[in-house]
Amino acid sequence: MVRGKDLYEILGVPRNASQEEIRRAYLKLAHKYHPDKTGGDKDAEEKLKEINAAYDVLKNPEKRAQYDRYGTVDGQPFDMGGFTGGFRGFTEGFGEGFESPFDDLFDMVFGSGTRSRTGRRSNAQRGNDVETTLTITLKESAMGVRKKVRYLCKEQCGECHGTGAEPGSRPEVCPQCGGTGQIRASHGFFSITRTCPQCHGQGKYVSRPCMRCGGQGRISTTRETEISIPAGVDAGTTLRSVGDGEVGIGGGPPGDLYVHLQIKEHPLFERKGNDLYCEVPVTLSQAISGTVIKVPTLIDGVIDLSIPEGTQSGDLLRKKGMGMPRLNNRGRGDLYYKITVEVPVRLSKHQQDLLLELDDLANAKNYPKYWKFRELRDKNFD
Ligand SMILES: [Zn+2]
Ligand SMILES: [Zn+2]
């Protein structure tokens, strides 16, 4: 939920903000996103959860220091899991039960809550993100494409419907915590709560685990979804498909699917930035006399390419705007044809004699580099 986001950014405060500044920023945001203000808007509710989770860490100097140093607290992602602790003692004075972890906060900040109370702490958890790799062709990346992705993902077990209990049996109330998911220990004046080790906070336990999922309530399955790949994406791009991750627990939202893109090597074209390169061999006489040849493009069909008279090996001939599309429709790069003059091999004696004849007739005007080299070779350099 808040994982990966900077907690200071969420609250809109600088990293060196004082505790009081953090508190004020929080109250302002909490007020702004209060369900009474937003009419129960889902996005606002998510935002509010982030704000609460961020404040939960930053309001506590010890947790804040830990976050500053390690970017995490207790190795836990900053979700709502650890959020209730600090307010539990407070709400207890007003009787048991609150619907969601941030309700009690509102009760404290804004007076009595207007939300319904179910009498139990919600164990809703966002589903895990999953990732996979997808290989597409260079042409697909140039055109943009919709692609089916198959990936492994945990889903609710169809046998036990996610309860983890063998059909016919039921999950039972955890005997250690009495179903609250929390263990409370009193140390004199203070009361400390921690997650129940037996049920891991679920409040329930399974005496006869489901055979199919081993009591996990979830099993790995192969899923398929279709994702839209924008024209111009390069290898190494990661696309996110919101909500295609693992299902949430206890009514929590699903995670997301991250797709890492790889691009298959093309036999003719190589991508460099937004430009494409294609190597084109020409014959000796084509390079000597110049000609027009047919060449392929990646997505524009076959085109004519003029080889100028006297083209050398390694010369680059450019076709403007025929390279890869830039992302977000910002035009296209260029397409370069890299000319290789192919020296003929395995010529017959007769063919070789013809070429020798040509050389006999040639001079420094025809072979400027060759003759220049000979001239320099015969000089004495210091
Ligand atoms: Zn099962
Ligand atoms: Zn328990």
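Which residues coordinate the zinc ion (ligand 1)? In this predicted model, the zinc ion (ligand 1) is held by the SG atoms of Cys157, Cys160, Cys210 and Cys213, at 2.2 to 2.4 Å.

## The site of zinc ligand 1

The 4 donor atoms of the zinc ion (ligand 1) subtend angles of 102 to 117 degrees, and the site is tetrahedral. Along the chain, the donors of this zinc ion follow the spacing C-x2-C-x49-C-x2-C. Cys157 belongs to the loop between strand S2 (145-156) and S3, whereas Cys213 belongs to the loop between S6 and strand S7 (218-229), so the pair ties together parts that are 56 residues apart in sequence.

Are the cysteines Cys157 and Cys213 buried or exposed? Cys157 is buried, with a relative accessible area of 0%, and Cys213 is buried too, with a relative accessible area of 9%; the cut-off that applies to both is a relative accessible area under 20%.

## The site of zinc ligand 2

The zinc ion (ligand 2) is likewise coordinated by SG atoms, in this case those of Cys174, Cys177, Cys196 and Cys199, at 2.3 Å. Around this zinc ion the 4 donor atoms subtend angles of 102 to 116 degrees, and the arrangement is therefore tetrahedral, given that four donors count as such if all angles lie between 85 and 135 degrees.

For the zinc ion (ligand 2), the spacing of the donors along the chain is C-x2-C-x18-C-x2-C. Cys174 sits in the loop between strand S3 (172-173) and strand S4 (182-187), and Cys199 sits in the loop between strand S5 (190-195) and strand S6 (204-205), so that this pair ties together parts that are 25 residues apart in sequence. Both Cys174 and Cys199 are buried.

## The sheet of four strands

Strands of a sheet pair through backbone hydrogen bonds, either parallel or antiparallel. An open sheet with mixed pairing is built from 4 strands in the order S10-S11-S15-S14. Strand S10 (269-272) and strand S14 (316-319) are at the edges and have a single partner strand each, so one side of each is left without a neighbour in the sheet. From one strand to the next, the twist averages 30 degrees.

Strands S10 and S11 run antiparallel and are joined by 4 bridges, with Glu270 having Tyr277 in S11 as its bridge partner. In the hairpin that these two strands form, there are 2 residues between the strands, and Gly273 takes a positive phi near 60 degrees. On the other pairing of strand S11 (residues 275-283), strand S15 (residues 335-342) is paired with it in the parallel sense over 8 bridges. Within that pairing, Tyr277 stands opposite Tyr336 in S15, and Glu279 has Lys338 in S15 as its bridge partner. The two faces of S11 can also be told apart: Leu276, Cys278, Val280 and Val282 make up the covered face, while Asp275, Tyr277, Glu279, Pro281 and Thr283 make up the uncovered one.

## The sheet of three strands

A further open sheet, again with mixed pairing, has 3 strands in the order S1-S9-S8. Its edges are strand S1 (130-136) and strand S8 (238-241), each with a single partner strand, so one side of each is left without a neighbour in the sheet. The twist in this sheet averages 30 degrees from one strand to the next.

Strand S1 and strand S9 (residues 257-263) run parallel and are joined by 7 bridges. In this pairing, Val130 stands opposite Leu257 in S9.

## A buried helix and a loop threonine

Helix H4 (residues 42-58) comprises 17 residues and reaches 24 Å from its first C-alpha to its last, which is close to the 24 Å expected at 1.5 Å a residue. Of the 17 residues of H4, 13 are buried, so the helix is largely enclosed by the rest of the structure.

Thr311 is found in the loop between strand S13 (302-307) and S14, where its relative accessibility of 5% means that the residue counts as buried. The side chain of Thr311 reaches the backbone oxygen of Pro308 at 2.6 Å.

Terms used:
Residues are numbered from 1 along each chain as its sequence is written. Chains are lettered from A and ligands numbered from 1 in the order in which they are written. This is a predicted model: local features need pLDDT of at least 70, side-chain atom pairs count only at pLDDT 80 or more; totals for chains, interfaces and linings use all residues. Side-chain values use heavy atoms; hydrogens and water are left out. Two strands pair if DSSP finds at least two bridges between them. Axes are lines fitted to C-alpha atoms, for helices over the stretch in contact, and angles run from 0 to 180 degrees between N-to-C directions. Donors are N, O and S atoms within 2.8 Å of the metal (3.2 Å for Na, K and Ca); water is not among the atoms, so sites may look incomplete. Four donors count as tetrahedral if all angles lie between 85 and 135 degrees; four count as square planar and six as octahedral if opposite donors are over 155 degrees apart and all others between 65 and 115; anything else is irregular. Buried means under 20% relative accessible area, exposed over 50%, partly exposed in between (1.4 Å probe, protein chains only). The expected span of a helix is 1.5 Å times one less than its number of residues. A polar contact is a pair of N or O atoms within 3.5 Å; within protein, one must be able to donate a hydrogen and the other to accept it, and residues adjacent in sequence count only if both atoms are side-chain atoms.
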